[in-house]
Amino acid sequence: MSLKLQNEILEMIARGRSVRETAMKLCQEAELLAPGCLCSILRVDHEGKLRTLAAPGLLPSYSAAIDGLPTGPNVGSCGAAAYLGRPIVATDVATDPRWADFRALAQEHHLAACWASPIFGSAGKVVGTFAFYSRTPRGPTVAEQQIVRACIDLCAIAIERSDVEEESLRLAYFDSLTGLANRASFDRALDQAKGAAPGDFALLLIDVDRLKLVNDTLGHSSGDELLREVARRIAAASPEGGGYRLSGDEFAVVAFGPKSSARLQAVAHAVIQSMSVPATCGAHTVQATVTIGSASLDAPGDTADTVRQNADFALYHAKENDRGRLVAYDPLLVTKITSRFRCIRDVGEALNEGRVEPHYQPIVRLDTREIVGVEALCRIRTRTGEIVPAAAFQQAVTDATTSARITEVMLRAVARDVRGWLDADIPFQHVGLNVTTGDFQRNDLVERIEGAFGQHDVPLSHVILEVTESVYMSDNDPMVANAVRALRHRGLRVALDDFGTGFASLTHLLTFPVDVIKIDKSFVSDLSGGGPSSAIVEGLIGIAQKLKMRVVAEGVETEHQRAHLQALGCTLGQGFLFSRPSDRGATTDLLRRFAQPAASPPGASSRSQARTA
């Protein structure tokens with residue numbers, strides 16, 4: 001081979017010309033140097049399959065027939081050379097056993113002989129083959145052997161340079177953990193979408209639920225395996241290859257062209273459906289779920305950035321309200337999210353200014369109307385003195401940080417108030433405290449409750465933790481049940497609040513450690529002789545009595561309801577009939593007048609005895 005040709009090929013490699021273009025040039029020049037020979041350069045991919053780089057003298061139908069064949073000892077001359085790592089000379093394919101399965105193909109294309117040599121990379125691994133075909137049965141000449149040796153070295157340089165470029169591209173644009181395209185690739189897709197017409201671009205943003213819980217409880221290796229499994233399912237549901245991993249637990253899928261939104265809706269439902277099959281993460285089985293927000297380019301003024309922002313809005317709303325489901329963007333979502341942010345801001349200001357305080361609603365005996373306990377309810381006092389009920393700032397409580405701050409303020413204030421009632425020798429029994437999912441997610445609720453009440457020497461036997469079914473069932477999180485068990489072990493009791501409004505309520509009574517059932521006010525307000533609510537309440541009271549649980553009827557507002565509940569066997573109630581929620585001063589007055597006399601000896605609730613309780 002001439003020095004001029006070698007320099008020309010090396011210059012092509014140095015200038016970054018593609019490996020296919022370089023291989024084609026090398027084949028063409030090799031055929032000129034070896035008249036009567038047809039040149040072929042194949043590459044061995046990462047799966048060990050043969051891929052055609054260049055074969056200008058062979059018909060495309062022949063190259064297509066061998067493309068994708070696995071290497072092996074009887075896969076023609078090239079397959080055997082790659083498999084065995086040594087030159088293979090077939091002087092007559094009509095009789096050579098390595099060509100038995102491909103003889104008809106070779107004869108169809110008038111190929112009578114083939115000698116192939118492996119191309120080795122710097123690590124000693126076969127990365128391809130270089131071959132000469134002849135239309136007559138024969139072996140290579142000395143000159144042809146010299147051409148082969150020179151070409152092999154040039155091929156090795158070109159292929160390795162290509163491998164380095166492909167690896168750099170993979171590192172730059174593909175995620176190493178999951179194999180999906182990464183954020184850089186996603187950004188390029190958004191750039192591509194900038195010229196899309198309305199209806200021709202759509203986007204899914206996918207968030208893996210509870211990844212932190214998996215990492216914390218099962219280890220990061222299990223979390224990584226969960227991410228790989230989710231990525232596989234997203235890729236399987238995205239036939240267009242539009243899957244991306246954007247960050248730790250966030251993925252995306254994009255689609256271009258007509259009906260892109262409808263196609264991605266189908267992808268989203270397929271991904272969610274695929275999550276119904278548990279994922280195996282090392283030695284553990286995880287029931288994974290994903291939450292998805294979707295958006296599409298619909299209006300002429302929309303841009304790719306607009307679509308991304310809208311998908312973010314939809315995902316945010318889904319994570320707050322519909323985890324495990326798909327939420328499509330709607331302009332109303334922006335209004336809802338803006339309202340929630342404003343609410344969180346207002347509550348944050350109230351917390352900073354000390355305007356968050358507990359009000360208390362008594363829990364009474366239905367027969368004597370004596371107060372046996374109170375429920376602490378969060379209220380906000382405006383700068384002008386008005387009281388804001390919890391319903392007005394409920395949106396803020398769904399924010400974990402805000403919820404934790406509210407709970408912290410309530411714990412300190414309630415513990416201080418209870419200490420005051422005990423020191424005043426009021427026969428105080430218990431206070432109910434409401435907690436949210438966010439309080440449990442911090443994983444320090446036990447320490448926070450113990451710290452607040454311990455600071456004021458208030459035994460936890462005076463505290464009832466009120467947990468709704470929605471909190472208990474939130475994400476099937478074991479932290480809730482674990483925290484409740486730890487607190488009950490320390491003397492605290494538990495009430496299942498708003499009972500009957502969730503699902504599988506009776507099942508909860510068997511699996512969740514409960515001391516008190518609070519029947520939701522919706523049943524109480526609908527009480528009538530022989531009606532369905534009456535039958536349900538009577539049944540619940542009977543079940544609770546057999547399970548040795550106390551029952552409190554919420555929302556008692558009329559004498560008729562009180563009498564009906566008492567007739568059904570309910571002994572305790574709470575509602576406007578007896579008292580609206582009141583501040584500490586008004587509650588103190590109510591307790592002095594109506595608290596049920598203490599069953600313990602006089603002075604049992606003093607500070608010194610509280611310390612030893």
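User: At what distance from the ring centre does Arg580 lie over the face of Phe576?

Analyst: This is a predicted model, in which local features need pLDDT (the predictor's confidence in each residue, from 0 to 100) of at least 70 and side-chain atom pairs count only at pLDDT 80 or more, while totals for chains, interfaces and linings use all residues. Residues are numbered from 1 along each chain as its sequence is written, and side-chain values use heavy atoms, with hydrogens and water left out. A charge sits over a ring if NZ of Lys or CZ of Arg is within 6 Å of the ring centre and within 35 degrees of the ring normal. Arg580 lies over the face of Phe576, and its distance from the ring centre is 3.9 Å.

User: Which ring has Arg188 over its face?

Analyst: Arg188 is placed at 4.2 Å from a ring centre. The ring beneath Arg188 belongs to Tyr173.

User: How are the rings of Tyr62 and Tyr133 arranged, stacked or edge-to-face?

Analyst: The structure holds eight aromatic pairs (rings of Phe, Tyr and Trp, the last by its six-membered ring, with centres within 6.5 Å; planes under 30 degrees apart are stacked, over 60 edge-to-face and the rest tilted). In one of them, the centres of Tyr62 and Tyr133 are 5.7 Å apart and the planes stand at 85°, so the arrangement is edge-to-face.

User: Which elements does the pair of Tyr62 and Tyr133 link?

Analyst: Helices (H or I, at least four residues) and strands (E, at least two) are DSSP runs, numbered from the N terminus. The two residues are 71 residues apart, and the pair links distant parts of the chain. Tyr62 belongs to helix α3 (residues 60-66), and Tyr133 to strand β5 (residues 126-134).

User: Is Tyr133 buried or exposed?

Analyst: Buried means under 20% relative accessible area, exposed over 50%, and partly exposed in between (1.4 Å probe, protein chains only). Tyr133 has 2% relative accessibility, so this residue counts as buried.

User: Which residues do ring pairs link into a cluster with Tyr133?

Analyst: Trp99 and Tyr133 have ring centres 6.5 Å apart and planes at 80°, so this pair is edge-to-face. Trp99 lies in the loop between β3 (88-90) and α5 (103-108), 34 residues from Tyr133. At 3% relative accessibility Trp99 is buried, and Tyr62 is buried at 2%. The residues clustered with Tyr133 are Tyr62 and Trp99.

User: Which are the edge strands of the five-stranded open sheet?

Analyst: Two strands pair if DSSP finds at least two bridges between them. The order is β7-β8-β6-β11-β12, with mixed pairing. Strand β11 (residues 290-296) pairs with β12 in the parallel sense over three bridges. The strands that pair on one side only are β7 (243-245) and β12 (326-328).

User: Which residues does Glu320 contact, leaving aside its neighbours within four places in sequence?

Analyst: Glu320 is found in helix α11 (residues 304-321) and is partly exposed, with a relative accessible area of 30%. Contact means heavy atoms within 4.5 Å. The contacts of Glu320 beyond those neighbours are Arg340 and Thr398.

User: Over which residues does pLDDT stay under 50?

Analyst: The protein chain averages a pLDDT of 88, and 93% of the residues score at least 70. Where pLDDT is low, the predicted coordinates should not be read in detail. The stretch with pLDDT under 50 has 16 contacts beyond four places in sequence and covers residues 600-613.
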